[in-house]
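I am opening this notebook to keep track of what I look up in a structure that is new to me. The entries go from sheets to helices to the buried interior.

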Amino acid sequence: MNLARNKFALVMPAMLAMMAVGCSQPAQNTTSEQNSGETATKPAKTIAISAIVEHPSLDDIRLGVVDGLASLGYKQGENLTVNFQSAQGSMATAAQIAKQFTADNPDAIVAITTPTAQSLAAATETISIPLIYTAVSDPVAAKLIDQNNKGTQSNITGLSSQLPLEPQIELFTKIKPDAKRIGFVYSPGEANSVAIKNQLTELLPKYGMTLVDVPANRSSDVADATRSLAGKADLLYTSLDNGVASAMEAMVQAANELKIPVITSDEFSVRRGATAALGVNDYDFGLATAKLVAQALDGTPPSQITPEVMNTLTLFVSPKHAAEQGVTVDLATLGTAINVDTVPARQAQK
């Protein structure tokens, strides 16, 4: 599979003003909007949003959710109250947040990342609060949905980012054609990362490559885990691992020392130092998630909202970071890649 111009969706970042996500002022009872000459009224609602950590990619997803809901008639500060809580990387804190959310009894809960979704699923197992997961790469492995694409609980639905790994491996060959050993630093406590590790272990030999995996139990372990790959890996890959993403600068510093390119699956990791990333656009991912949340707020039972997958891929590269990691990025070969060195990121007003 090549990375030709028509292979990837080119999603150009735009300069947009966005609202901050957090605890808003108490919502009014209703709001009215003019739509094609008719007045549409949405009742006041409250949603709770949580993520296992905060980093730019997850922040962009959250902003997309709030902006998307506004476009669908649920506007923060008017008829929508948003309560956001971050677990700051702690599963114990995630469990506490889940307990608090169930006590607050919001109209819907949005769980960003696999660990958060698992904590909230456990907390709402006997409660009918709609739970919409997002930024989950393998909801089946996380036991959020079953093999028939149905929620394992009647209150669960969501949007996953099950990125196909074959295009990722093809990207490895574009960035470093002679790469044979792929280093993979991952959080063993994240089900999505374990699933990706197992898939890569099976797939890479078909491309003449092998996986060299190193666990990092905490974000503070990422730098040492990366350095342990000295002489053992030709290229580093990480995908949708929140523990690693939280320490991306540390991974990049170690990779720069070792002259090993870092390939990820989100835009902001490239802006923070990685060579390239092939993944979904985070803000657009949030907008798509908002559509599912709006259905729940409108009264549709989660069991009747089909879980969805978004896997339109966008390629981001940084020739500058590539040079720092010992490789040269051929933009002509990579086709429609977005060069983050020249294209600014979306600016959010917080």
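The entries below record what I looked up, and I note at the outset that the model is a predicted one.

**Entry 1: the parallel sheet**

I began with the sheets and found an open one of 6 strands in the order S4-S3-S5-S6-S7-S13, with parallel pairing. I then looked at its edges, where strand S4 (80–86) and strand S13 (308–309) each have a single partner strand, so one side of each is left without a neighbour in the sheet. Further in, I noted that strand S3 (residues 45–51) and strand S5 (residues 108–112) run parallel and are joined by 5 bridges, and that Ala 51 stands opposite Ile 112 in S5.

I next asked which helices lie against this sheet. Helix H1 (residues 56–71) packs on it and touches S3, S4, S5 and strand S6 (131–136), with a direction that makes about 170° with that of S3. Helix H3 (residues 114–123) also packs on the sheet, where it touches S3, S5, S6 and strand S7 (156–160), and its direction makes about 160° with that of S6.

**Entry 2: strand S7**

I stayed with S7 and asked how many of its residues are buried. The count is 5 of the 5, so S7 is largely enclosed by the rest of the structure. I wrote down a general point before looking at the side chains: in a regular strand they alternate between the two faces of the sheet. In S7, Ile 156, Gly 158 and Ser 160 point one way while Thr 157 and Leu 159 point the other way, and all are buried.

For its partners, I found that S6 and S7 run parallel and are joined by 4 bridges, and that S7 pairs with S13, also in the parallel sense, over 2 bridges. Ser 160 turns up in both pairings, as the bridge partner of Val 136 and as the residue opposite Val 309 in S13.

**Entry 3: helix H3**

I returned to H3 to see whether its residues are mostly buried or exposed. Buried residues make up 7 of its 10, so H3 is largely enclosed by the rest of the structure. The buried ones are Thr 114, Pro 115, Thr 116, Ala 117, Ser 119, Leu 120 and Ala 121, and what covers them includes S3, helix H2 (91–104), S5, S6, S7 and H5.

**Entry 4: the mixed sheet**

I then found an open sheet of 7 strands, in the order S9-S8-S10-S11-S12-S14-S15, whose pairing is mixed. Strand S9 (210–215) and strand S15 (338–339) stand at its edges with a single partner strand each, so one side of each has no neighbour in the sheet. S9 runs parallel to strand S8 (residues 181–186), to which 6 bridges join it, and Tyr 186 stands opposite Pro 215 in S9. Helix H5 packs on this sheet and touches S8, S9 and strand S10 (235–237), its direction making about 165° with that of S8.

**Entry 5: H4 against H5**

I looked up how H5 meets another helix, and found that helix H4 (residues 165–175) and helix H5 (residues 191–203) pack at an angle of about 65° with their axes 11 Å apart. The contact is made by Leu 165, Glu 166 and Ile 169 of H4 together with Ile 196, Gln 199, Leu 200 and Leu 203 of H5. By class, I recorded 5 nonpolar, 1 polar and 1 charged residues in this contact.

**Entry 6: the nonpolar cores**

Which residues touch the most other members of the largest nonpolar core? Of its 79 residues, they are Ile 47, Ile 49, Leu 69, Phe 172, Ile 182, Leu 200 and Tyr 237. Helix H10 (residues 282–297) gives this core its largest share, 8 residues. I also noted a second, separate core of 23 residues, which includes Ala 247, Ala 255, Val 262 and Phe 316.

I followed Tyr 237 further and found that its contacts beyond four places in sequence include Leu 165, Phe 172, Ile 182, Ile 196, Leu 200 and Ile 263.

**Entry 7: Ile 263**

That led me to Ile 263, which lies in strand S11 (residues 262–264) and counts as buried because its relative accessibility is 0%. Among its contacts beyond four places in sequence are Leu 171, Phe 172, Ile 175, Leu 235 and Tyr 237. I closed with Ile 175, which is 88 residues from Ile 263 in sequence and 8.7 Å from it in space, C-alpha to C-alpha.

Note on methods:
Residues numbered from 1 in each chain as written. Predicted model: local features only at pLDDT ≥ 70, side-chain atom pairs only at ≥ 80, totals over all residues. Heavy atoms only, no water. Buried < 20%, exposed > 50% of the residue type's maximum accessible area, 1.4 Å probe, protein only. Contact = heavy atoms within 4.5 Å. Axes fitted to C-alpha atoms, helices over the stretch in contact; angles between N-to-C directions. Nonpolar A, V, L, I, M, F, W, Y, C, P; charged D, E, K, R; others polar. Pairing = 2+ DSSP bridges. Core = buried A, V, L, I, M, F, W, Y, C linked by side-chain atoms within 4.5 Å.
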